[in-house]
Structure formats: C-alpha cells, structure tokens
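Trainee: Could you go through this structure with me, one question at a time? I would like to see the reasoning behind each answer.

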Amino acid sequence: MYSIALNPCNSLMRQEDQFDNLEKHTQSGIDILEKHIKFVKERTEIELNYAKQLRNLSKKYQPKKNSKEEEEYKYTSCKAFLSTLNEMNDYAGQHEVISENMTSQITVELARYIQELKQERKSHFHDGRKAQQHIETCWKQLESSKRRFERDCKEADRAQQYFEKMDADINVTKADVEKARQQAQIRHQMAEDSKADYSSILQKFNHEQHEYYHTHIPNIFQKIQEMEERRIVRIGESMKTYAEVDRQVIPIIGKCLDGIVKAAESIDQKNDSQLVIEAYKSGFEPPGDIEFEDYSQPMKRTVSDNSLSNSRGEGKSELKFGGKSKGKLWPFIKKNKGATPEDFSNLPPEQRRKKLQQKVDELNKEIQKEMDQRDAITKMKDVYLKNPQMGDPASLDHKLVEVGHNIEKLRLEAQKFESWLSEVEGRLPARGDQARRQSGMYDAQNPPSVNSCAQDRESPDGSYTEEQSQESEVKVLATDFDDEFDDEEPLPAIGTCKALYTFEGQNEGTISVAEGETLYVIEEDKGDGWTRIRRNEDEEGYVPTSYVEVYLDKNAKGAKTYI
C-alpha cells in the first residue's frame with residue numbers, strides 16, 4: 001500500500017572515500033614540507049662545518065707571535081699571503097651568515113608553519129567527519145521511521161482484512177465484529193501517525209542532505225583546498241628564500257676574492273729583494289785581487305810581508321791557480337757554531353749594529369714599563385696615605401724598592417749596549433758607501449788593493465769569528481805548507497803583547513787567549529786586522545789586533561796598535 005525508494009548510503013560511502021584520499025594527500029604535502037626543512041637544516045650544518053674548517057685553516061697558517069716566522073711577514077709576498085688568510089676568514093664568515101639566515105628565515109619559520117598547518121588540517125577533517133556523522137544519523141532516523149511506517153501499514157492491512165472477514169462471518173458474534181472493527185481503526189490510526197512522522201523525518205533528512213552536499217561538504221573541501229594551496233605557495237617561497245640567502249652574500253664574497261687579488265697585485269719583488277739586502281748586508285767590502293808573487297828565482301825568504309796566501313814553492317803553485325785552491329775568500333768562511341757573544345761580536349758590522357739597536361730598544365721598553373709600574377705604585381701609595389682604610393702605605397715600600405732596583409739594573413744594561421752600539425756606529429763606513437755596496441757588486445775596472453779592502457772590512461771591535469777578511473783567511477794556508485819546510489827556522493819574536501779581552505779562537509789558524517795574558521808577537525798587523533802571536537814553540541796563531549796591546553821592539557818599541 002505504501003512504498004519508498006531512498007538509498008543515499010552509496011553516496012555517503014563515496015564521500016567517505018574522498019575524505020580518506022584528501023587526508024592521505026594533505027599528509028603527503030606535510031611530509032614534503034618536513035623533508036624540505038630537513039634538507040635546509042642539513043645545508044646549514046654543512047655551511048657551518050665548512051666555515052669552521054676555513055677558519056681553522058686560516059688560523060693554522062697564521063704566523064705565530066714572537067716567532068722567527070713572524071719576522072718573514074715584512075715582505076710583500078708574505079703580507080699578501082697573510083691578507084689572503086684574513087680574507088678567507090671573512091669568506092668563512094659569509095658561510096656562517098648563510099647558515100644563520102637559512103635557519104632563521106626558512107627552518108624556524110617552516111617549523112612553526114607546519115605546526116599551524118597540522119592544527120588547521122585536523123580541524124577541517126574533524127568538521128568533515130562531524131558533518132558526515134550527522135548525515136548518517138539523520139539517515140538512520142529516516143530508515144527507522146520508514147520501517148515503522150511500513151510495519152504499521154502492514155498491521156493496518158491485516159487488521160482491516162480480519163475485520164472484513166469477521167463481519168462477513170454469520171457465526172461470529174456482534175461483539176467480536178465490533179472488537180475487530182475497533183482494532184482495525186486503531187491500526188489504521190497508527191499507520192497514519194507513522195506516515196506523518198516518516199514524512200516529517202523525510203523532509204528533515206532531505207533538507208540536511210541538501211545542506212550536507214551543497215553547503216557543508218563544499219565549504220570543508222574549499223578550506224582544505226585553500227590550505228593545501230597555501231602550503232604549496234609557502235614551499236615555493238622557501239625555495240626562493242633559499243636562493244636569495246645565497247645571492248645576498250655573493251657581493252661580499254666577491255669583495256673577499258677581490259681583496260685576495262689586490263693583495264696578490266701588491267707583491268713587489270724589488271721591494272722584497274731590497275728588504276733582504278737590508279736585513280743581511282754585512283758592511284764588508286768585496287775582497288780585492290791577490291797579488292802574484294814570483295818564486296821562480298831562488299832566494300831565501302821568510303813569511304811574505306805582503307800576503308800569506310801565496311804558495312811557498314813551485315810544487316804548490318797549482319794551489320794558487322788551480323780550481324781546488326784552499327785559499328777561500330771571506331764570504332765562504334765556515335760559521336762559528338759556538339755560543340753567541342753578548343755584544344754580538346760574531347756578526348758582521350751592519351748585522352751587529354742592527355742587533356745592538358734592537359736590544360737597546362727592548363731594554364728601553366722594559367725600562368719604560370718598570371717606570372710606569374713605579375708611577376702606578378706611587379699613586380696607589382698616595383691613595384693609601386689619604387685613605388688609610390683602603391690599605392697600608394708601608395706595604396708598598398718594598399715593591400717600590402724592588403722596582404727601583406729593576407730600573408737601575410736595566411739602565412746599566414742599556415748603557416752597556418748603547419756603548420757597544422756607539423762604538424759600532426762610529427766605525428761603520430758612511431751610509432753612501434753602504435748603499436753602493438748593497439748589490440754585492442764592485443767596479444772591476446778599478447779594483448781596490450788587498451790592504452784597503454781588509455781595512456774596510458774590519459769589525460768595529462776587531463772580531464771576525466764568522467766572516468773574516470780575505471788575507472786573514474788565506475793566512476791559514478801557511479799551515480798547509482809546513483810539511484815541505486820542516487827544517488825552516490821558526491819566525492823570531494818582534495815584540496810582545498798583552499791580551500785586553502778574552503778571545504776564543506775557534507776558526508782554523510786562530511789561537512785562543514785569556515784577558516791579561518802576555519804573549520810574543522811574531523808578525524804585526526798587515527792592515528787586515530789580525531796579528532800573529534806565539535805562546536810557546538808549538539802554539540801560535542792569529543788574534544784580532546783590537547783584542548791585544550802590542551809593544552814592538554826597536555823602532556816600534558812602546559808603540560800601541562789599535563784598530
């Protein structure tokens with residue numbers, strides 16, 4: 001009698017599938033965003049590690065303070081290298097900037113955005129599930145009212161058929177017929193009520209279903225779509241920021257590289273060469289030519305009055321002219337490996353002057369430091385005198401005395417080095433002559449004599465422990481010919497001498513003397529700054545003339561010789 005055809009269940013199931021698909025898709029979008037964050041984070045770690053390694057590399061090759069290596073950085077090439085190290089340090093700083101900007105502008109911002117995105121996504125899908133559950137509930141109410149209406153209709157039909165059967169049966173009492181009629185009316189009324197209820201619920205469901213499919217679900221899907229589009233736009237903006245962070249430091253990195261190029265272009269090889277010349281010039285003149293002495297005519301000779309470097313016989317003449325002559329010039333004399341004297345007398349004149357000047361400057365700085373300390377202690381003592389509660393003035397007396405002793409000691413030390421410095425500066429050749437000799441070349445057309453060269457090369461204090469004059473070095477060859485003249489008479493003493501200073505004769509041909517010692521002079525100074533002396537028959541050699549006071553016999557008796 002009544003029938004109904006309504007089944008939106010399949011549509012609801014399809015809608016449920018759409019929610020599942022959208023949920024999976026939006027979760028995949030969040031996973032991509034988190035993957036991008038992880039990528040940027042690892043990039044920032046790489047930048048930090050790279051910057052750290054660059055800084056360590058720059059620090060590793062920086063010159064150590066107060067070291068010999070630091071002295072080399074006065075040359076333009078070394079300064080350029082130092083500038084390169086500093087520029088690389090700044091270069092590393094730009095990679096640190098990249099790391100910091102990527103962290104603050106991308107990683108932190110995206111991490112906060114992901115939290116907001118997850119909350120928004122959760123809210124939208126919660127609204128969708130809620131709307132879906134509501135329509136399902138309405139659908140169940142509709143199904144229940146429909147089944148109740150269907151049941152009441154069937155019951156009303158059966159009651160009506162029963163009444164009609166009882167009314168047609170003559171054997172049934174009137175009371176039974178009336179009872180059947182009343183029952184049929186009741187069932188009919190129940191069916192009418194169920195019909196009205198079903199109709200009301202159906203109208204309500206249709207309204208809810210219309211709202212669900214045309215309002216609620218479209219709005220929720222629209223919000224999910226907008227959320228997803230914002231996520232896509234945000235990841236694109238992050239990629240742009242990723243590139244811009246790199247682009248922003250390119251000009252500064254370019255300046256660092258320009259600084260390296262500028263440092264390289266500042267290298268001046270001529271200036272560096274001049275600095276080397278200034279640092280290592282000795283102040284000596286180049287040696288002159290050695291005079292030829294003719295031994296082809298037989299004659300009785302003692303030690304040559306002019307030069308001891310010549311051969312004593314024809315058999316040894318090849319030593320003078322041959323390529324293996326033992327008579328080497330002063331630049332090739334072996335270095336003295338002994339302890340460095342306090343007055344740097346082992347150095348050539350110019351080098352000695354620089355060392356002494358450096359020592360005087362250091363002592364003056366120490367004196368000034370001690371004087372500043374003394375002034376500070378004096379001021380503190382005055383404060384204690386005016387404010388006894390701050391301290392005992394007497395407690396500073398011993399410090400003042402100690403500082404005073406230190407100042408006096410340093411002043412005496414400075415005076416000692418200043419006297420040596422004055423002696424060196426008073427005996428050095430004129431600066432114009434030094435400038436002329438800096439290149440190490442001399443005029444081959446007008447070579448100076450042996451003696452004049454030797455005099456120009458004299459050390460101010462007469463010490464030649466490292467680089468001696470030509471003639472004094474060549475004199476050592478006299479010992480090489482002793483084997484052929486063992487029967488020759490020893491040289492007679494021509495006077496005596498007294499050692500003014502102690503001299504350690506560490507080079508071949510020299511002899512050690514002690515201060516105050518008296519010895520015999522067997523050959524006077526020939527102008528090369530050396531005097532030949534004898535201690536006994538088996539011990540003789542050369543000493544600097546300035547180290548001894550010479551008394552010659554005969555016409556030279558009582559004369560004193562100094563350089």
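**Salt bridges, cores and surface**

Trainee: At 23% relative accessibility, what does K381 count as?
Mentor: Keep in mind that this is a predicted model. Buried would require under 20% and exposed over 50%. With its 23%, K381 therefore counts as partly exposed.

Trainee: How far apart are the closest N and O atoms of D397 and K381?
Mentor: D397 sits in helix α8 and K381 in helix α7, 16 residues apart, and the pair links distant parts of the chain. Like its partner, D397 is partly exposed, at 30%. The two form a salt bridge, and their closest N and O atoms are separated by 2.7 Å.

Trainee: Let's take R148 and D197 next. How many residues apart in sequence are the parts that this pair ties together?
Mentor: Their side chains meet in a salt bridge, 2.3 Å from N to O. R148 is partly exposed at 28%, and D197 is partly exposed at 31%. Because R148 lies in helix α3 and D197 in helix α4, the separation in sequence of the parts they tie together is 49 residues.

Trainee: Which residues are linked with R532 in a network of salt bridges?
Mentor: Begin with one pair: the side chains of R532 and E540 meet at 2.6 Å, N to O. R532 is buried, at 12%, whereas E540 is partly exposed, at 32%. In the network, R532 is linked with E523, R534 and E540.

Trainee: Moving to the interior, which helix supplies the largest share of the largest nonpolar core?
Mentor: That core has 38 residues, and those touching the most other members include F19, M102 and F205. Helices α1, α3 and α4 each supply at least two of its residues. The largest share, 18 residues, comes from α3.

Trainee: How many residues are in the other core, the one with A499 and V521?
Mentor: This core lies apart from the largest one. I533 and V543 are also among its members. Its residue count is 15.

Trainee: What is the C-alpha to C-alpha distance between V245 and I106?
Mentor: V245 belongs to helix α4 and is buried, at 1%. Leaving aside neighbours within four places in sequence, V245 contacts I98, N101, M102 and Q105. V245 and I106 are 139 residues apart in sequence, yet in space their C-alpha atoms are separated by 9.9 Å.

Trainee: Is E47 buried or exposed?
Mentor: E47 is found in helix α1. Beyond its neighbours within four places in sequence, E47 touches H95, I98 and S99. Its relative accessible area of 8% is below the 20% cut-off, so E47 is buried.

Trainee: And on the surface, about how much accessible area do L57, Y61 and F81 have together?
Mentor: F81 lies in helix α3 and is partly exposed, at 37%. With L57 and Y61, F81 forms a nonpolar patch on the surface. Together, the accessible area of the three is about 280 Å².

Trainee: How many disulfides does a search of the whole structure find?
Mentor: A disulfide is a covalent bond between the sulfur atoms of two cysteines. Cysteines here include C256, buried at 4%, and C497, buried at 1%. For disulfides, the search of the whole structure gives a count of zero.

Trainee: To finish, what percentage of the 563 residues count as buried?
Mentor: The protein has eleven helices and five strands. Its accessible surface comes to about 34,800 Å², with 51% belonging to carbon and sulfur atoms. Of the 563 residues, the buried share is 36%.

Terms used
Residues are numbered from 1 along each chain as its sequence is written. This is a predicted model: local features need pLDDT of at least 70, side-chain atom pairs count only at pLDDT 80 or more; totals for chains, interfaces and linings use all residues. Side-chain values use heavy atoms; hydrogens and water are left out. A nonpolar core is a set of buried Ala, Val, Leu, Ile, Met, Phe, Trp, Tyr and Cys residues joined through side-chain atoms within 4.5 Å. Buried means under 20% relative accessible area, exposed over 50%, partly exposed in between (1.4 Å probe, protein chains only). Helices (H or I, at least four residues) and strands (E, at least two) are DSSP runs, numbered from the N terminus. Patches are made of residues with over 30% relative accessible area and no salt bridge: like charges are joined within 9 Å, nonpolar side chains (Val, Leu, Ile, Met, Phe, Trp, Tyr) within 5 Å. Accessible areas come from the Shrake-Rupley method with a 1.4 Å probe; for residues, only the protein chains shown count as cover. A salt bridge is a side-chain nitrogen of Lys or Arg within 4 Å of a carboxyl oxygen of Asp or Glu. Contact means heavy atoms within 4.5 Å. A disulfide is a pair of cysteine sulfur atoms within 2.5 Å.
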